[in-house]
Amino acid sequence: LAIYAHGGLVSEAAALAHVRITARWWLDTGVFPVFCVWESDAVTTILKLIRETLGIDRTRAFGLDELRDAAVERLTRTIGPQIWDTMKRSARLASADGDRHGLTLLVAELRRAFGGTVPGPHLVGHSAGAILLLHLMARLRSTGIVPGSFQTLAPAATTALYRDGLAAFSGTGLPCRIYTMTDANERNDDVIGLYGKSLLYLVSRGFEPVFGETISGLPTDLLADPGLVGRLTEWANGVTREALVFSKTPDGTPRRLCSNALTHGGFDNDRATMWSVMHFIRGPQ
């Protein structure tokens, strides 16, 4: 059983289309997927408005990159944090107490169906989907369910939230892995042709309440947090290679640790990444 959460900048229609395209792939590999389709697309509207306000698209001419990016960051901060907070609130409420929240109901149904022997679901989250799943982990822990594994693709969660989410399962041997780009590739990415770095840089500098907030999918922030790296590698006896995959991986990298994604949104469509994700869940076939 795998629970998959898509990222931000994804409309409901696009998320459902992804479900239709990928569901058979999961089933054919012997994994039953549960897809989380949730509200995460308001950010796109803000970015389109900013592009119209600035009247420019991304360009690398005349050394204007950083000036343009700084302008985008400043404009984003006028309303971005409120929208981002609303999205994070939706992610949190999905696993909140009560009988009206989707992931809380899912956990209750798993408990009802399997009783005291609930098979640990494997969790896979892309971008902001990591935020959704980190809150789900607290719900699972409160009901005595240990995930089978936890993998995130370019996670947009803060390092603090990620660290706290993993802390609940310290000592359980929970297999964890983060796939994200090298910093050079993060800086070579763009956001809808407007911002000249990856979405995670804009989250850090434009959408989080604190400018420059540390984000778990930014390799410089991730590697600067020994507490988080320690949590991620606990299951692997501290071997970072097993828990941290930075794309594009070099030639000669074992297939089970490969990723060829070169954009923030490209991880869940990258064959190498998704093969590695599935291998992590199923093991050698």
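User: What makes the lining of the second largest pocket 6 nonpolar, 3 polar and 4 charged?

Analyst: In this predicted model, local features need pLDDT of at least 70 and side-chain atom pairs pLDDT 80 or more, while totals for chains, interfaces and linings use all residues. Residues are numbered from 1 along each chain as its sequence is written, and side-chain values use heavy atoms, without hydrogens and water. Ala, Val, Leu, Ile, Met, Phe, Trp, Tyr, Cys and Pro count as nonpolar, Asp, Glu, Lys and Arg as charged, and the others, Gly among them, as polar; the lining therefore divides into 6 nonpolar, 3 polar and 4 charged residues.

User: Why are T22, W25, D268, R271 and M274 named for this pocket?

Analyst: Of its 13 lining residues, these are the closest to the centre. A pocket is an open set of points on a 1 Å grid over the protein atoms alone, where a 1.4 Å probe fits, with protein on both sides within 12 Å along at least five of seven lines; lining residues have an atom within 4 Å of a point. Helix α1 gives the most to this lining, with 5 residues.

User: How do you know that β5 and β6 pair?

Analyst: Pairing requires at least two bridges found by DSSP. Strand β5 (residues 176–181) and β6 have 4 bridges in the parallel sense, so they pair. One bridge joins I178 to L244 in β6.

User: What makes β2 and β6 edge strands?

Analyst: The open sheet runs β2-β1-β3-β4-β5-β6, and β2 (33–36) and β6 (244–247) each pair on one side only.

Key. Helices (H or I, at least four residues) and strands (E, at least two) are DSSP runs, numbered from the N terminus.
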